[in-house]
Amino acid sequence: EENLDNTENSNKKAKPVEKLISLLSGIVSPIIPAMLAAGFITALAKLLVLAGISETNTTIQLLTVAGDVLYGFFPIFIGWSAAKYFGANISIVLMVVGLLVYPNFSNVFSNFESVTFLGLPVTNVYYGSSVLPAILTAFLIAKFEKILRKILPNALRSIFVPFLSALITIPLLIVVIGPIGVWGGELFANLFRSTYELSPILAGAIIGGTWQILIIFGMHIAILGLVSAPNIAMYGRDTIIMTHAPSLICQITAGLAVALKAKDKKIKKNALTLSLTSFFSGNVIEPVMYGVNLKYKKPFIAVCIGGAIGGAITGAVAFSLYTFPVYLGVGFGGLLLGCLVGGLVTFVLTYVMGIDEKDV
């Protein structure tokens with residue numbers, strides 16, 4: 001309790017952005033061991049494929065599924081940790097957040113052209129890798145529980161506090177909170193399209209510099225769906241995938257810089273382990289992102305700067321709107337150059353700026 005009080009007092013003095021970072025770090029940190037386990041399982045499956053085992057082998061298939069399950073149900077894990085963080089009833093939070101990844105919830109959208117709740121439109125959103133909806137859900141339930149305990153008599157609390165807190169939160173979640181990331185993603189996608197027509201370099205810098213922030217707010221899924229998927233379907237290529245790729249490398253190089261720079265052995269070991277986990281598990285950069293870079297703030301700033309530079313470089317090699325190859329053929333060299341330069345810039349900036357090793 002004393003630690004929680006100290007954290008709350010320090011958060012009151014902190015700036016809004018620092019509060020958000022501390023909040024995210026505090027909620028995600030307990031899930032890092034699961035991220036490590038999932039990352040290494042995924043890496044093992046990929047190494048076995050590289051060793052010559054077929055991807056269709058059922059053992060490889062099961063290992064791959066085991067490595068992916070954390071991120072398929074990520075909101076539930078976030079909801080569990082957020083419930084503990086805010087002091088909400090864990091079982092109620094998990095029940096409400098579980099709705100987001102429950103297959104029958106998605107099936108409703110498949111069976112009806114339009115879905116409404118009490119006349120209000122419900123947006124079809126993919127929540128599998130989202131973070132903020134679960135956090136906001138836990139926060140609201142914690143608040144509603146406190147209010148309901150004050151106004152309800154003791155005899156009714158055991159039944160009506162969980163019932164009403166869930167009943168009030170569910171419509172807010174599916175009608176308002178959940179779609180926020182999609183709406184923001186749609187605005188950003190339109191901005192990207194307009195900017196790309198003006199300057200591919202500028203558009204690449206914007207995507208590369210903000211992509212990791214978009215991941216936090218869940219906007220990246222909307223952008224991939226609105227821009228990347230149609231581009232790949234129509235042209236077989238996409239520039240979004242290319243311009244955001246350097247930022248993934250930047251997350252890893254920032255973590256490696258922390259591992260090299262830090263004096264505390266525990267921090268060094270943690271940064272190195274999470275960096276290697278993210279590297280070998282492919283595009284799953286959440287371990288090093290939440291466990292190191294976002295936690296210590298300065299490395300994350302370096303990631304955004306390096307990602308912007310790398311994105312600008314990769315954008316510069318795709319001057320024809322959404323038509324140049326991304327990972328093979330024309331543009332591939334630019335992608336590698338963008339990743340290399342962005343990663344080096346991030347590494348140097350992180351190492352030079354350092355971290356506050358007391359910042360936990």
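**Entry 1: backbone at L118 and K297**

I looked up L118 and found it in the loop between β1 (116–117) and β2 (120–121). I note here that the model is predicted. The phi of L118 is near 55 degrees, a positive value in a residue other than glycine. I recalled that most residues other than glycine have a negative phi. I then asked whether L118 is buried or exposed. L118 is exposed, since its relative accessible area is 79%, and exposed requires over 50%.

I turned next to K297, which sits in the loop between α14 (286–293) and α15. K297 also has a positive phi, near 65 degrees, and is a residue other than glycine. K297 counts as buried because its relative accessibility is 19%, and the cut-off for buried is under 20%.

**Entry 2: the helices on either side of K297**

I checked how much of α14 is covered and found that 8 of its 8 residues are buried. I listed them as E286, P287, V288, M289, Y290, G291, V292 and N293.

Helix α15 covers residues 298–316, which is 19 residues. I recorded a reach of 27 Å from its first C-alpha to its last, close to the 27 Å expected at 1.5 Å a residue. The buried residues of α15 include the glycines G306, G307, G310, G311 and G315. P299, F300, A302, V303, C304, A312 and T314 of α15 are buried as well.

**Entry 3: aromatic pairs**

I searched the whole structure for aromatic pairs and obtained 5. In one of them, the ring centres of F105 and F109 are 5.4 Å apart and the planes stand at 90 degrees, so I entered the pair as edge-to-face. Both residues belong to helix α7 (residues 103–111), 4 residues apart, about one turn of the helix. I found F105 buried, and F109 likewise.

I then examined F347 and Y351, an aromatic pair that is stacked, with 6.5 Å centre to centre and 10 degrees between the planes. F347 and Y351 both lie in helix α16 (residues 332–353), and they too are 4 residues apart, about one turn of the helix. An α-helix has 3.6 residues a turn, so residues three or four places apart point the same way. F347 counts as partly exposed because its relative accessibility is 25%. Y351 counts as partly exposed at 35%.

Which charged end sits over the ring of Y351? I found that of K261, 4.7 Å from the ring centre.

I also noted a cluster in which ring pairs link Y85, F86 and F139.

**Entry 4: a nonpolar patch and helix α9**

I looked for nonpolar surface and noted a patch of about 450 Å², made by L156, I159, F160, F163 and L167. I159 is placed in helix α9 (residues 154–198). I asked how accessible I159 is and read a relative accessible area of 55%, which means that I159 is exposed.

**Entry 5: L202 and F192**

I located L202 in helix α10 (residues 200–217). L202 counts as partly exposed because its relative accessibility is 42%. I then took the separation of the C-alpha atoms of L202 and F192 and obtained 9.3 Å. These two residues are 10 residues apart along the chain.

Definitions and conventions:
Residues are numbered from 1 along each chain as its sequence is written. This is a predicted model: local features need pLDDT of at least 70, side-chain atom pairs count only at pLDDT 80 or more; totals for chains, interfaces and linings use all residues. Side-chain values use heavy atoms; hydrogens and water are left out. Patches are made of residues with over 30% relative accessible area and no salt bridge: like charges are joined within 9 Å, nonpolar side chains (Val, Leu, Ile, Met, Phe, Trp, Tyr) within 5 Å. Accessible areas come from the Shrake-Rupley method with a 1.4 Å probe; for residues, only the protein chains shown count as cover. A salt bridge is a side-chain nitrogen of Lys or Arg within 4 Å of a carboxyl oxygen of Asp or Glu. Helices (H or I, at least four residues) and strands (E, at least two) are DSSP runs, numbered from the N terminus. Buried means under 20% relative accessible area, exposed over 50%, partly exposed in between (1.4 Å probe, protein chains only). The expected span of a helix is 1.5 Å times one less than its number of residues. Rings of Phe, Tyr and Trp (its six-membered ring) pair if their centres lie within 6.5 Å; planes under 30 degrees apart count as stacked, over 60 as edge-to-face and the rest as tilted. A charge sits over a ring if NZ of Lys or CZ of Arg is within 6 Å of the ring centre and within 35 degrees of the ring normal.
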